Amino acid sequence: MRSGLFAVLALLWALPALGREPAYAPPAAPECRRVGDVPSLRIDPATAARMAEIGLDRAGVFARMQETSIPETMGCWAMPVGNFDSQLISVGMAQWNYGTGSLQPVLKEWRDSLGSRRKAKRELARLAPTYGKLLLSKDCLAVPATAKCRAGILAAHGPDGKLNPVIMGELTALFESDAMLQVQLDHYLALLDLVRGDLQRVFPYGPITSRKVRWAIDTRVQQGGLPPSEDIARLRSKLVAMPPAERWPRLRAIFDWYNALGQTIDQDGIGRDFAWNYAQWNCLIDAGRIDDEQYELLAITFLRSRTATGNSGRWQALTFSRRAKIILGVGSVSGVRDGSCS
């Protein structure tokens, strides 16, 4: 899965220059096999019991999968993209990729799930006859992928830097196949187990709310998890000691940080969003519509967003806006607006 980068952004649009934004319009969803419950997909009882600890039944698991897939793949099971962010290929509902080493185990598990190498070869030849051998080669399953693998995959990119239509179609067929859907579910359930640990570590007291679960999932998908316990403790000690008069100015300062980042030359993925978000979120402060849980989650999000170092920090503002939208129920991400202060 991607840590701080979003393959879908490069595919949707080239962001316009600041100050010359087109009229707002949500992006159209692509034609694809969309993320959702499929009766044949299995969740074993032990895993289901662990998911129940954070309030997720089967319907809840698939709802969270669908929500995770929206900023990653616009809700699709596959949606492959190329090397725009130095990850070679990113594909699947959580955008597993060669660059971080998250795609290799997904491909291995799919191969092994078919029961025999002979059956796997037949299925690979059916779904990906041109590039299948490369995608599952020893060089591409290595972590990190070898120079030979990189050269082969980069050769499958067109002059525009995008994957060519053949490899796009083959990756889509592979990741929309029933066997790969089960593998994707299994990997997402493993991610939810990590999220469960994150939440139990950071919030050993009080209820684990649906908001916290959704927020922690997005943090795990994008940045690998919540901040270290010592950083959480330091932040909380400062929040407890903060004079009441500083409460809202301190939060506005976080929003100012986000707004300033959005205006800089090397923050991508937020051109349609940051000015609207900044106005809406400050309006929520003015309207008294930010509660204690939201306040703490925003502070932790600020803490974690500062460590989004992919492409030398290129996605920090986007990282913050994804989480803030979940926390506040109001926000715009990738041009899709939800909620309103007014």
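Which residues line the largest cavity? In this predicted model, where local features need pLDDT of at least 70, side-chain atom pairs count only at pLDDT 80 or more, and totals for chains, interfaces and linings use all residues, the lining is made up of Trp215, Thr219, Gln223, Leu226, Pro227, Ile300, Thr301, Arg304, Ser305 and Arg323. Residues are numbered from 1 along each chain as its sequence is written, and side-chain values use heavy atoms, with hydrogens and water left out.

A cavity is a set of points, on a 1 Å grid over the protein atoms alone, where a 1.4 Å probe fits but cannot get out, whereas a pocket is an open set with protein on both sides within 12 Å along at least five of seven lines; lining residues have an atom within 4 Å of a point. The count comes to 1 cavity of 30 Å³ or more, and the largest cavity has a volume (the space filled by probe spheres set on grid points joined across faces, edges and corners) of about 40 Å³. Both α11 (210-223) and α15 supply at least two residues of its lining, with α15 giving the most, 4 residues; these helices are DSSP runs of H or I, at least four residues, numbered from the N terminus.

The second largest pocket has a volume of about 390 Å³. Of its 15 lining residues, Leu235, Lys238, Leu239, Arg250 and Phe302 are the closest to the centre, and the elements that give two or more residues to this lining are α12 (229-241), α13 (247-262) and α15 (292-305).
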